[in-house]
Amino acid sequence: MVGATGAVGTRLLSILEERSFGATELRLFASERSKGRQITSHGREWECQVLAKACFDGLDWVFFDASDEISRQWVPEALGSGARVIDNSAVYRMDPAVVLGVPEVNREAIESSVRRGDRLFSGPNCSTVQLTVALQPLSEAFGIKRVLVSTYQSVSGAGAAAMDELQAQMVGGDERSIFPHRIAANLIPRIGKVQDDGFTSEEQKLMLETRKILGLPNLPIAATAVRVPTFLSHAESVFVEFARPASLDDISRVWKQAPGLEWVDDPGRDLYPTNENTSGRDMVSVGRLRLDPSVSSGVCFWVVSDNLRKGAALNAVQIAESIRAAN
Ligand SMILES: NC(=O)c1ccc[n+]([C@@H]2O[C@H](COP(=O)([O-])OP(=O)(O)OC[C@H]3O[C@@H](n4cnc5c(N)ncnc54)[C@H](OP(=O)(O)O)[C@@H]3O)[C@@H](O)[C@H]2O)c1
């Protein structure tokens, strides 16, 4: 596990235990500053190591949850050691030869990749995962013509240090090392680098990765990504236009059968997905479903999911489980 001490890595460790993945030996890698730190997992203590030549030798699985730079440099080494690699960085996501996996959505692509003998699998951006879990059943049932999405992304999407920054600002501090503005009591409508077309890299990831995972390379989709002062879970406001007519009943029927998705939608009784009721849980939660009056067939909805679990760590473990099942 590379990045074992980070926001995603710590979840990954506990999820492997929760789901009885069956690890008999763990090798936990982090930066120089964590070297020698003892981490308890799977009933014993493991010492954090730093990456080095041949450090992956003998491992069956390597999970990368550190950074793009680390993945770029070390994924080839892990593959060279013969391990299967699940990489949560952005480096290989858009590589046509690498499956970008969300098992509820494209398990068949993962299985075909295993049959081809591939050993590298990529995990998507956290906002992409929940969007595709909600959209895939709608795409299959009604065909999707267009998607508009605005995100409300928690600070944990920017890593453990970003959570510390919000925490410090909430109790009066003014440290600003992760975000360009105060994030406490503020919204920041820029996540990632601004591209030539004005979209940010986060928005671009959400648009391109969604097309790839849904297998709709020409899907018209536009995104606005906003950082909000919450700690955990990302929320999204989504508008979808369909190719075929779809009533609210049709959609509820489809969503109720969709894997990994729960429908929480009784706004009159204040029942809808929130950060609080999704954090620490595995499901992607949808609600606030309405017909979109501005198009002939379409809906608006709200989707929330724990970005560190289904948006990253859980999804990576589910990819590994799908690979195992395909063998
Ligand atoms: N956060 C999310 O919601 C999310 C969702 C999807 C994908 N991802 C991806 O998951 C990855 C990790 O994100 P995160 O939010 O967990 O970040 P994070 O909290 O900042 O954790 C980064 C991890 O990388 C380790 N690291 C830093 N330099 C290293 C080095 N030279 N060698 C080995 N390990 C090193 C850190 O170790 P130290 O503790 O020693 O510094 C830490 O364990 C990123 O690629 C991110 O894009 C994140």
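Between domain 1 and domain 2 of this predicted model, the count is one salt bridge. That bridge brings together the side chains of Arg 93 and Glu 209, with 3.0 Å from N to O. Here's a tour of how the two domains meet, what surrounds that pair, and which other spots along the chain deserve a look.

**How the two domains meet**

- The chain splits into domain 1, made of 7-124 + 312-326, and domain 2, which covers 127-307.
- If you take the centres over C-alpha atoms, domain 1 and domain 2 sit 25 Å apart.
- On the domain 1 side, 19 residues are in contact with 19 residues of domain 2.
- Together the two domains bury about 1500 Å² between them, and 67% of that is on carbon and sulfur atoms.
- Within domain 1, the residues that lose the most area to domain 2 are Met 94, Glu 104 and Val 105, which together make up 34% of what that side buries.
- Besides the salt bridge, look for polar contacts: five residue pairs make them between domain 1 and domain 2.
- Three helices each supply at least two residues of the side of domain 1 that touches domain 2: helix H1 (7-18), helix H3 (103-115) and helix H9 (309-326).
- Sort the residues of that side by type and you get 12 nonpolar, two polar and five charged.

**Arg 93 and its partner**

- A search of the whole structure turns up 14 salt bridges.
- In the Arg 93 and Glu 209 bridge, Arg 93 comes from the loop between E4 and strand E5 (99-100) while Glu 209 comes from helix H6 (residues 201-214), so the pair ties together parts that are 116 residues apart in sequence.
- Arg 93 counts as buried because its relative accessibility is 6%, with the cut-off for buried being under 20%.
- Glu 209 is buried too, since its relative accessible area is 2%.
- Who else does Arg 93 touch, leaving aside its neighbours within four places in sequence? Its contacts are Asn 88, Leu 100, Ser 122, Gly 123, Pro 124, Asn 125, Lys 205, Glu 209 and Lys 212.
- As a bit of background, side chains of opposite charge can pair when their charged atoms come close.

**More salt bridges to find**

- Glu 241 pairs with Lys 145 in a salt bridge, and their closest N and O atoms are 3.6 Å apart.
- This pair links distant parts of the chain, with Glu 241 in strand E9 (residues 234-242) and Lys 145 in strand E7 (residues 144-153), 96 residues apart.
- The two partners get different labels: Glu 241 is buried, with a relative accessible area of 17%, whereas Lys 145 counts as partly exposed at 45% relative accessibility.
- Another salt bridge joins Arg 281 to Glu 262, where the closest N and O atoms are 2.8 Å apart.
- Arg 281 is in the loop between helix H8 (275-278) and strand E11 (284-291), and Glu 262 is in strand E10 (residues 261-263), so this bridge ties together parts that are 19 residues apart in sequence.
- Arg 281 is partly exposed, with a relative accessible area of 32%, while Glu 262 counts as buried at 18% relative accessibility.
- Glu 18, Asp 282 and Arg 309 are joined into one network by salt bridges that share partners.

**Ala 83, tucked into a loop**

- You'll find Ala 83 in the loop between helix H2 (68-80) and strand E4 (84-87).
- Is Ala 83 buried or exposed? Ala 83 counts as buried, because its relative accessibility is 0%.
- Apart from neighbours within four places in sequence, Ala 83 is in contact with Leu 59, Asp 60, Trp 61, Val 62, Ala 78 and Arg 119.
- Ala 83 and Pro 259 are 176 residues apart in sequence, and their C-alpha atoms are 29 Å apart in space.

**Two residues with positive phi**

- Most residues other than glycine have a negative phi.
- Ser 233 is not a glycine, yet its phi is positive, near 80°.
- Ser 233 lies in the loop between strand E8 (221-227) and E9, and Ser 233 is buried, with a relative accessible area of 0%.
- Asp 270 isn't a glycine either, and it has a positive phi of about 60°.
- Asp 270 is found in the loop between E10 and H8.

Terms used. Residues are numbered from 1 along each chain as its sequence is written. This is a predicted model: local features need pLDDT of at least 70, side-chain atom pairs count only at pLDDT 80 or more; totals for chains, interfaces and linings use all residues. Side-chain values use heavy atoms; hydrogens and water are left out. Helices (H or I, at least four residues) and strands (E, at least two) are DSSP runs, numbered from the N terminus. Buried means under 20% relative accessible area, exposed over 50%, partly exposed in between (1.4 Å probe, protein chains only). Contact means heavy atoms within 4.5 Å. Domain bounds come from an automatic or database domain assignment. Buried area is the accessible area (1.4 Å probe) that two parts lose on being put together, summed over both. A salt bridge is a side-chain nitrogen of Lys or Arg within 4 Å of a carboxyl oxygen of Asp or Glu. A polar contact is a pair of N or O atoms within 3.5 Å; within protein, one must be able to donate a hydrogen and the other to accept it, and residues adjacent in sequence count only if both atoms are side-chain atoms. Ala, Val, Leu, Ile, Met, Phe, Trp, Tyr, Cys and Pro count as nonpolar, Asp, Glu, Lys and Arg as charged, and the others, Gly among them, as polar.
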